[in-house]
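Open the model in your viewer and keep the sequence panel beside it. This tour says what to select at each stop and what is there.

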Amino acid sequence: MNTEKVIFAFFIILAATLNFGFFLGEIHDVDHHNVFELFAALVISLIATVMKLGDRTHLGAVLLATSLVADLQLIVAALLWAYASNISEAGLTEELIASVVSMSGGALLANVISVVLLVVETITVRR
């Protein structure tokens, strides 16, 4: 067992599951989406991105691209949440929380692609 590969896979799967946990629920109901889960998904996704920087293979480049997309969408979602909570007079409206959850959904799709690529790479190595 390669410890480095275990830690790498751990962070990729944790980023996807945290993002899924935030995404799950009614899209416009703020009570169904925890801001700390969004923050955890963003931090773990950033850690996973840093871990992908050293891979110089073609698959590594695609994994890095999917991670950068997830990071960008989670950062925009976090900024929207921060704007609504701290700057906007209207606060967290249904429309704004729907935008935050939609951005999280896009990041979730990028994370799912990362997990699929990780599984494909694992199956390819075993043969």
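The stops below start with the whole chain and then go through its helices.

**Whole chain**

Show everything as a cartoon. This is a predicted model. Count the elements: the chain has four helices and zero strands. Read from the N terminus, the order is α-α-α-α. Along the principal axes, the C-alpha atoms fill a box of roughly 55 × 25 × 20 Å.

Now switch on the surface. The accessible surface comes to about 7,600 Å². Carbon and sulfur atoms account for 69% of that surface. Of the 127 residues in the chain, 35% are buried. How far apart in sequence are the residues that touch? Among contacts between residues at least 6 apart, 68% join residues at least 24 apart.

**Helix 1**

Select residues 3-23, which form helix 1. Put a distance between the two end C-alpha atoms: the model gives 30 Å. The helix has 21 residues, so at 1.5 Å a residue a span of 30 Å is expected, and the two agree.

Go to the N-terminal end. Which residue caps it? Asn-2 does: one of its side-chain oxygens lies 3.1 Å from the backbone nitrogen of Glu-4. At the other side, just after helix 1, pick Gly-25, which takes a positive phi of about 125°.

Next, color the buried residues of helix 1. They are Phe-8, Ala-9, Phe-11, Ile-12, Ala-15, Ala-16, Leu-18, Asn-19 and Phe-22. Keep Asn-19 in mind, as helix 4 will bring you back to that residue.

**Helix 2**

Select residues 35-52 for helix 2. Its 18 residues should span 26 Å at 1.5 Å a residue, and the end C-alpha atoms are indeed 26 Å apart. The N-terminal cap here is Asn-34. A side-chain oxygen of Asn-34 sits 2.8 Å from the backbone nitrogen of Phe-36.

Color the buried set: Leu-38, Ala-41, Leu-42, Ile-44, Ser-45, Ala-48, Thr-49 and Lys-52. Then zoom in on Thr-49. Is Thr-49 buried or exposed? The relative accessible area of Thr-49 is 7%, under the 20% cut-off, so this residue counts as buried. A polar atom of the Thr-49 side chain lies 2.9 Å from the backbone oxygen of Ser-45. Beyond its neighbours within four places in sequence, Thr-49 is in contact with Leu-64, Ser-67, Leu-68 and Asp-71.

**The nonpolar patch**

Turn the surface back on and select Ile-7, Phe-39, Val-43, Ile-47 and Met-51. These residues form a nonpolar patch on the surface. Together they have about 400 Å² of accessible area. Which helix gives the most to the patch? Helix 2 does, with four residues. One patch member, Ile-47, has its place in helix 2. Ile-47 is partly exposed, at a relative accessible area of 34%.

Now click Leu-46, also found in helix 2. Leu-46 is partly exposed, at 37%. Draw a C-alpha to C-alpha distance from Leu-46 to Ser-99: the two are 21 Å apart in space and 53 residues apart in sequence.

**Helix 3**

Select residues 58-86, which make up helix 3. At 1.5 Å a residue, its 29 residues should span 42 Å, and the end C-alpha atoms are 42 Å apart, so the values agree. The buried residues of helix 3 include Leu-64, Ser-67, Asp-71, Leu-74 and Ala-84. Three of these names, Leu-64, Ser-67 and Asp-71, appeared among the contacts of Thr-49.

**Helix 4**

Finish with residues 94-126, helix 4, and zoom in on Ser-104. Ser-104 is buried, with a relative accessible area of 0%. Here Asn-19 returns: a polar contact of 2.7 Å joins its side chain to that of Ser-104. Not counting residues up to four places away in sequence, Ser-104 touches Asn-19, Phe-22, Phe-23 and Leu-74.

The last stop is Leu-96, which also lies in helix 4. Leu-96 is buried, at 17% relative accessible area. Leaving aside neighbours within four places in sequence, Leu-96 is in contact with Leu-80, Ala-84 and Gly-91. Check the C-alpha to C-alpha distance to Ala-84: 7.4 Å in space, with their positions twelve residues apart in sequence counted as the separation.

Note on methods:
Residues are numbered from 1 along each chain as its sequence is written. This is a predicted model: local features need pLDDT of at least 70, side-chain atom pairs count only at pLDDT 80 or more; totals for chains, interfaces and linings use all residues. Side-chain values use heavy atoms; hydrogens and water are left out. The expected span of a helix is 1.5 Å times one less than its number of residues. Buried means under 20% relative accessible area, exposed over 50%, partly exposed in between (1.4 Å probe, protein chains only). A polar contact is a pair of N or O atoms within 3.5 Å; within protein, one must be able to donate a hydrogen and the other to accept it, and residues adjacent in sequence count only if both atoms are side-chain atoms. Contact means heavy atoms within 4.5 Å. Patches are made of residues with over 30% relative accessible area and no salt bridge: like charges are joined within 9 Å, nonpolar side chains (Val, Leu, Ile, Met, Phe, Trp, Tyr) within 5 Å. Accessible areas come from the Shrake-Rupley method with a 1.4 Å probe; for residues, only the protein chains shown count as cover. A salt bridge is a side-chain nitrogen of Lys or Arg within 4 Å of a carboxyl oxygen of Asp or Glu.
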